[in-house]
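User: I am new to this structure and would like to learn how to read it, one feature after another. Could you take me through it slowly?

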Amino acid sequence: MKHSIFRRPPRLLCVGRHKSETANRSSAADVIFFGRSGASVNIDGTVLNPASGDIVIVSRKTDYTADCEDIPLGSAVFVTVADAHLYGSFAFEGSSGYRIVASGVYRGILEAAFRQILREYESDADAGDIVSDALLNVILTLTVRLMPFEIRPGKSSGVFEKAKAYFDENFLENETLADVCLALNVDRYYLSHVFKKYAAVPPKKYLIEKRMEYAEQLLRMTEKDIIVIARECGYGDPAYFCRIFKDTRGCTALEYRAKFKRKKAEEEKQNSLREKQDRM
């Protein structure tokens with residue numbers, strides 16, 4: 001790692017509560033912190049709905065709009081920077097011109113830094129430019145630290161295979177999607193993107209399907225109680241497990257087991273009749 005993660009010091013162009021319409025578009029990017037959920041960002045027709053604490057990075061070369069009307073004024077802070085070019089082959093704004101990152105463990109310090117840089121920009125305090133540069137360095141450095149470094153243009157299939165293998169091996173673990181992203185070093189929005197691209201479903205649905213297939217196996221092959229099966233499938237709440245099973249299978253777990261037993265009994269009856277006929 002070089003002494004700086006950027007090829008040259010990024011320049012702060014402006015800070016505001018809304019997207020600036022005056023920033024230089026040639027080498028600029030907006031780094032937006034959302035302190036509340038409810039906003040939406042439309043990037044060339046792709047609509048993102050950032051969660052509370054998310055950071056959205058968008059190249060100013062990209063046509064985008066941000067709708068923040070449903071969140072309190074000041075809950076979104078727009079920081080426009082120029083020359084934020086990372087070393088190596090990593091694009092600060094992502095290969096598609098935008099990137100969305102969850103602030104995670106840095107939520108507190110990042111939110112404070114964004115709010116303070118807004119105060120500095122809107123005030124005439126002494127040495128405001130020096131403080132703003134220091135805050136910008138904190139914001140950008142921590143944001144880059146949160147980025148999935150192994151994700152490079154053209155490598156999304158490899159990310160999918162790695163994520164799929166992880167799900168296939170660990171689908172019974174009681175992990176949140178955030179835990180999975182941390183283990184794989186990818187952000188949840190990128191993970192969702194590659195799963196939709198290669199599996200045609202988001203990762204959460206893929207995980208649910210794996211668990212429901214295993215639940216079907218347990219219902220067919222064992223007489224275990226539904227509470228036990230729910231727990232073995234990664235669900236601590238049996239009621240939630242039952243609701244998911246019915247939503248995905250069209251019947252309750254008990255109905256599924258009963259149907260299987262009736263079908264099996266009918267097959268055994270038919271096999272027995274055939275055997276009798278063969279002996280005659």
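Analyst: Helices (H or I, at least four residues) and strands (E, at least two) are DSSP runs, numbered from the N terminus. By that scheme, R99 lies in strand β8, and I100 lies in strand β8 as well, which covers residues 98–102. This is a predicted model, in which local features need pLDDT of at least 70 and side-chain atom pairs count only at pLDDT 80 or more, while totals for chains, interfaces and linings use all residues. Residues are numbered from 1 along each chain as its sequence is written, and side-chain values use heavy atoms, with hydrogens and water left out.

User: Is I100 buried or exposed?

Analyst: The general idea is a set of cut-offs on relative accessible area: buried means under 20%, exposed over 50%, and partly exposed in between, with a 1.4 Å probe and protein chains only. I100 counts as buried because its relative accessibility is 3%, and R99 also counts as buried, at 12%. In strand β5, which spans residues 54–59, D54 is buried with a relative accessible area of 1%.

User: Which atom lies 3.3 Å from a polar atom of the side chain of R99?

Analyst: A polar contact is a pair of N or O atoms within 3.5 Å; within protein, one must be able to donate a hydrogen and the other to accept it, and residues adjacent in sequence count only if both atoms are side-chain atoms. For R99, the partner at 3.3 Å is the backbone oxygen of F92. For D54, a polar atom of the side chain lies 2.8 Å from the backbone nitrogen of A51.

User: How should I read the surroundings of T248 in helix α8?

Analyst: Helix α8 covers residues 238–249, and T248 counts as partly exposed because its relative accessibility is 38%. A polar atom of the T248 side chain lies 2.9 Å from the backbone oxygen of I244. Contact in the wider sense means heavy atoms within 4.5 Å, and, leaving aside residues up to four places away in sequence, T248 touches I208 and M212. T248 and I208 are 40 residues apart in sequence, yet their C-alpha atoms are 8.8 Å apart in space.

User: At what angle do helices α1 and α2 pack?

Analyst: Axes are lines fitted to C-alpha atoms, for helices over the stretch in contact, and angles run from 0 to 180 degrees between N-to-C directions. Helix α1 (residues 107–122) and helix α2 (residues 128–145) pack at about 150°, with their axes 9 Å apart. That makes α1 roughly antiparallel to α2, since angles over 145 degrees count as roughly antiparallel, under 35 as roughly parallel, 65 to 115 as roughly perpendicular and the rest as oblique. Residues of α1 including L110, F114 and I117 meet residues of α2, among them V131, L135 and I139. By class, this contact of α1 with α2 has eleven nonpolar, four polar and one charged residues, where Ala, Val, Leu, Ile, Met, Phe, Trp, Tyr, Cys and Pro count as nonpolar, Asp, Glu, Lys and Arg as charged, and the others, Gly among them, as polar.

User: How do the axes of helices α6 and α9 cross?

Analyst: The axes of α6 (residues 203–221) and α9 (residues 253–279) come within 9 Å and cross at roughly 50°, which makes α6 oblique to α9. E216, L218, L219 and R220 in α6 meet A253, Y256, R257 and F260 in α9. The contact of α6 with α9 has five nonpolar, no polar and three charged residues.
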